[in-house]
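Q: Please take a close look at a single part of this model and set out how it sits among its surroundings.

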Amino acid sequence: MAEAVITFDHVVKEYRRRAGGGQERGTTRAVDDVSLEIDAGDIYGIIGYSGAGKSTLVRMVNALERPTSGSVTVLGTRVDQLSESKLRPVRQKIGMIFQQFNLFSTKTVAQNIAYPLQLDHWRKDYQDRRVNELLDFVGLREHKDKYPSQLSGGQKQRVGIARALATNPKILLADEATSALDPETTSEVLALLKRVNEQLGVTIVLITHQMNVVQQIAHKVAVMSAGKIVERGDVYDVFAAPQRSVTRRFIATALSGLPDAPRVAKLHEEWDGRLVSVLVRQKDIPAADGRPAVKASGQNISDLIAQYGIHSGLVYGGMDTVGGSAVGAITYVFDDTNPRFGEFLTALREDSDVIDFGTASHPVEYGRAVAADEGETR
Ligand SMILES: Nc1ncnc2c1ncn2[C@@H]1O[C@H](COP(=O)(O)OP(=O)(O)O)[C@@H](O)[C@H]1O
Ligand SMILES: [Mg+2]
């Protein structure tokens, strides 16, 4: 078993709240009883909507925030009650990058990257050598004397990454590091983070509200909602068989084969009939912690269509690769005036994961359709 480099044990973080804005005085529980282990070498995604508590959680790793209760252990050291002076050696093992890059605008690229080395009193010639190594690693050598204002967003984040790596950390915390970037630049930065993980052996904690970021590079993912981790696991398993509606909503945004809300509205305009998406996953997911195994999905659709004699049209679809395996969705319009349609839909649901968007005259609200709670309250 891999060794844990970060362990949260029943961590709670409460903030005092001032009265005002219609809110009563009291406390906000930003992180609510989180226990989580992050193993050496992982790229661990933590996903959740704004306000879920992700930043608060990750800021407790380098003790920028202290828990109200519970413990945080990083690289074998309990950091939650450590004094600032004793934290210094632990913090040197942790790099951090941010959405807004947080570069010094009056320093050049090279000076920004050298900054942590200066703080750490490296000899000037060692600093220069290290800065050049890092410039090569992130591909910015020819930009070393530029100022941040002369760089693109992706280049700025590469400077942020080089600076975070300067003192050879074991852990890199990325808080919405790609959220200010367009999709193409996001992919480039994520590819760089993947190299950081694979070539330098750095464990990465990837905080994001974008599922496609998790999908692109994370090995594991935890879904946070209202301060709690509501679901966690290997990225493929969570992607292919989400258990919670909040997770399903995130995944709907990242599966390119699943139509988004405007596309569903358009399909309703274009086609008569019942609009139904079927999730496709090729492999069974073995049982974990006593839960029944999740079966493959979408493997027998055409057989069922033939068996029940339902008129159908294939109107949308696509496959993605998640954790090296294929997962996707196919969308059909079915003739739901066929008397056997109800029976057919029941059989399809038994065989596969189905999202029912209804018909043009009786559409199912998008969020409700994709979340498809099965007796779940949120
Ligand atoms: N310094 C703070 N003081 C008071 N409340 C805070 C502070 N930081 C965060 N919060 C509150 O804690 C909750 C979680 O915030 P945060 O960790 O920033 O979530 P996320 O990063 O998932 O968007 C929010 O309700 C937020 O308003
Ligand atoms: Mg945040």
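Is the crossing of H3 and H5 left-handed or right-handed? Please take H5 as the part to describe closely, starting from that crossing.

A: The model is predicted, and every value below is computed from it. The crossing of H3 and H5 is right-handed.

The whole chain comes first, as a frame for H5. The chain holds 13 helices and 14 strands. Its C-alpha trace spans about 80 × 50 × 50 Å along the principal axes. Of its 378 residues, 50% are buried. If contacts are restricted to residues at least 6 apart in sequence, 67% of them join residues at least 24 apart.

Helix H5 covers residues 153-165, which makes 13 residues. At 1.5 Å a residue, a helix of that length should span 18 Å, and the C-alpha atoms at its two ends are 18 Å apart, so expectation and model agree. Ten of these 13 residues are buried, so H5 is largely enclosed by the rest of the structure. The buried residues of H5 are Gly154, Gln155, Gln157, Val159, Gly160, Ile161, Ala162, Arg163, Ala164 and Leu165. The cover over them includes helix H3 (109-119), helix H4 (124-138) and helix H6 (183-200), together with strand E6 (94-98) and strand E7 (171-175).

Two of these neighbours, H3 and H4, can be described through their packing against H5. Two packed helices are described by the angle between their axes and the distance between the axes.

For H3 and H5, the axes come within 7 Å and cross at roughly 30°. An angle under 35 degrees counts as roughly parallel, and the two helices are therefore roughly parallel to each other. The handedness asked about belongs to this pair: the crossing is right-handed. On the H3 side the contact is made by Val109, Asn112, Ile113 and Pro116, and on the H5 side by Val159, Ala162 and Arg163. By class, the residues of this contact are five nonpolar, one polar and one charged.

H3 has buried residues of its own: Val109, Ala110, Asn112, Ile113, Ala114, Pro116 and Leu117. H5 is among the elements that cover them, and so is H4. After H3 comes His121, with a positive phi near 55°. His121 lies in the loop between H3 and H4, and it is a residue other than glycine. With a relative accessibility of 71%, His121 counts as exposed, because the cut-off for exposed is over 50%.

For H4 and H5, the axes come within 10 Å and cross at roughly 135°. H4 and H5 are therefore oblique to each other. This crossing, too, is right-handed. From H4, Arg130, Leu134, Phe137 and Val138 take part, and they meet Arg158, Ala162 and Leu165 of H5. This contact has five nonpolar and two charged residues, and no polar ones.

Ala162 appears in the contact with H3 and again in the contact with H4. Ala162 is part of H5 and counts as buried, at 0% relative accessibility. Beyond residues up to four places away in sequence, Ala162 touches Ile113, Leu134 and Val138. Ile113 is one of the H3 residues that meet H5, while Leu134 and Val138 are among the H4 residues that do so. Gly139 is 23 residues from Ala162 in sequence, and their C-alpha atoms are 9.8 Å apart.

Gly160, another buried residue of H5, gives a reference point for a site elsewhere in the chain. Ser297 and Gly160 are separated by 137 residues in sequence and by 42 Å from C-alpha to C-alpha. Ser297 sits in the loop between strand E11 (274-281) and helix H11 (301-308). Ser297 is nevertheless buried, with a relative accessible area of 1%. Apart from neighbours within four places in sequence, Ser297 is in contact with Leu279, Val280, Arg281, Asp351, Ser352 and Asp353.

One further backbone detail concerns Asp33, which is not a glycine but has a positive phi of about 60°. Asp33 is found in strand E2 (residues 26-39). Its relative accessible area is 40%, which makes Asp33 partly exposed.

To return to the part in question: H5 is largely enclosed, roughly parallel to H3 and oblique to H4. The crossing with H3 is right-handed, as is the crossing with H4.

Conventions. Residues numbered from 1 in each chain as written. Chains lettered and ligands numbered in written order. Predicted model: local features only at pLDDT ≥ 70, side-chain atom pairs only at ≥ 80, totals over all residues. Heavy atoms only, no water. Helix = DSSP H or I, 4+ residues; strand = E, 2+ residues; numbered from the N terminus. Expected span 1.5 Å × (residues − 1). Buried < 20%, exposed > 50% of the residue type's maximum accessible area, 1.4 Å probe, protein only. Contact = heavy atoms within 4.5 Å. Axes fitted to C-alpha atoms, helices over the stretch in contact; angles between N-to-C directions. Parallel < 35°, antiparallel > 145°, perpendicular 65-115°, else oblique. Left-handed = near helix turned anticlockwise from the far one by under 90°. Nonpolar A, V, L, I, M, F, W, Y, C, P; charged D, E, K, R; others polar.
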